[in-house]
Amino acid sequence: MAYEWELREQGPADAAHTVLLLPGGMCSAGSFAELMAEPALAGMRLVAATLPAQAGAPPPDDYSVENYARLTSELTQRLGADIVVGFSMGAVVAVEMVVSGAFTGPVVLLGVSLSTKDEPAFFRALIRLGSVLGSLPASLLKKGAASMVKRIPASPERHAELREDFRRNVPRDVQQSLREYLQWLRRGDGRADRLCEAGVPAWIVHAEKGDGGLTDEERRTLEACPHAHLVTIPDHVFFLPNEVPEPIAAVVLEAAATTAPSPSGL
């Protein structure tokens, strides 16, 4: 049975490009509202999809990143999406789609991690504690993330909406997906090389501080890769699509310029 996705869509159905937006862990499709509202993207068909088991979405049969990538690749084909934009966990799913050969269009990877060293040690330790404490670590992460929503330049109503997304998460489901996410990161030796070898145009976007980063080796590999473009957003930013949607929109337009129109736009 096909997975039933929770989608949020806007833009002309016959747009030249269809962009699939994959949110971060514990976030819903609605978390891309700020980016989807950017005037520069008005001519594109934008489809945001809540990842399985995140923000209360139905859980999958298999929580592995590889399965998330398979499910998302099927969605990409159904939508006719020719560009994928992922944030955090969504970016990880996009990477797996690319390195597995399931998606060959341009990808924009926001705040992506490619190995365990790219994530803070306390975050990794908290996930590992789930084997002893059950879903308690996921509950703590959910509350911590919700408290950071206030940094987003938005109305109180929007802050409440985003916090509600985090509250909808089921700790048991989040814990399983985070455990699989950490396992994927542990298998990350050489993933920057694999991303380059895939030959897919990729924009890797990080803030100067706040949203993780890359190891020096990963950065050198990607800087030398003819298909990769490293973008640094100034200052301290955590929720990239929400806090700095304008420069992210500019990167999406740059990615779109590298590919022919999607079938829906022909």
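Select residues 202–209, which form strand 6: six of these eight residues are buried, so the strand is largely enclosed by the rest of the structure. Buried here means under 20% relative accessible area, exposed means over 50%, and partly exposed lies in between, with a 1.4 Å probe and protein chains only. Helices (H or I, at least four residues) and strands (E, at least two) are DSSP runs, numbered from the N terminus.

This is a predicted model, in which local features need pLDDT of at least 70 and side-chain atom pairs count only at pLDDT 80 or more, while totals for chains, interfaces and linings use all residues. Residues are numbered from 1 along each chain as its sequence is written, and side-chain values use heavy atoms, with hydrogens and water left out.

**The whole chain**

Zoom out before going on. The protein chain holds 12 helices and seven strands. Of its 266 residues, 56% are buried. Among contacts (heavy atoms within 4.5 Å) with a separation of 6 or more, 78% are between residues 24 or more positions apart.

**The neighbours of strand 6**

Now add residues 107–110, strand 5. Strand 5 and strand 6 pair in the parallel sense over four bridges; two strands pair if DSSP finds at least two bridges between them. To find the register, pick Val-107, which stands opposite Ala-202 of strand 6.

Next add strand 7, residues 228–236. Strand 7 runs parallel to strand 6, and seven bridges join the two. Here the pair to pick is His-206 and Thr-232 of strand 7, which stand opposite each other. Follow the chain from strand 6 through helix 10 (residues 216–223) to strand 7: this β-α-β crossover is right-handed. That term applies if, with the strands pointing away from the viewer, the path from the first strand over the helix to the second runs clockwise.

**Val-200, ahead of strand 6**

Select Val-200, in the loop between helix 9 and strand 6. Is Val-200 buried or exposed? Its relative accessibility is 4%, so Val-200 counts as buried. Show Thr-104 as well: Val-200 and Thr-104 are 96 residues apart in sequence, yet their C-alpha atoms are 5.8 Å apart in space. Apart from neighbours within four places in sequence, Val-200 contacts Val-98, Phe-103, Thr-104, Gly-105, Pro-106, Val-107 and His-227. Val-107 in this list is the residue opposite Ala-202.

**Empty space**

Rolling a probe the size of a water molecule over the atoms shows where empty space is left. On a 1 Å grid over the protein atoms alone, a cavity is a set of points where a 1.4 Å probe fits but cannot get out, a pocket is an open set with protein on both sides within 12 Å along at least five of seven lines, and lining residues have an atom within 4 Å of a point. Grid points are joined across faces, edges and corners, and a volume is the space filled by probe spheres set on the points.

By this rule there are two cavities of 30 Å³ or more. Start with the second largest cavity, about 30 Å³. Select its lining: Ile-204, His-206, Leu-214, Arg-219, Leu-230, Val-231 and Thr-232. Strand 7 gives the largest share of this lining, three residues. By class the lining has four nonpolar, two polar and one charged residues; Ala, Val, Leu, Ile, Met, Phe, Trp, Tyr, Cys and Pro count as nonpolar, Asp, Glu, Lys and Arg as charged, and the others, Gly among them, as polar.

Move to the largest cavity, about 50 Å³. Its lining is Cys-27, Ser-31, Val-149, Ile-152, Leu-162, Asp-165, Phe-166, Phe-239 and Asn-242. Helix 7 (residues 156–167) provides the largest share, three residues.

For an open space, go to the second largest pocket, about 250 Å³. Of its 15 lining residues, Ser-115, Asp-189, Thr-215, Glu-217 and Glu-218 lie nearest its centre. Helix 8 (171–186), helix 9 (191–197) and helix 10 each supply at least two residues of this lining. Seven lining residues are charged, six polar and two nonpolar.

**Two positive phi angles**

Most residues other than glycine have a negative phi. Select Ala-55, in the loop between strand 3 (45–50) and helix 2 (65–79). Its phi is positive, near 55°. Ala-55 is buried, with a relative accessible area of 0%.

Last, select Ser-88, in the loop between strand 4 (83–87) and helix 3 (89–99). Ser-88 has a positive phi of about 55°. With a relative accessible area of 24%, Ser-88 is partly exposed.
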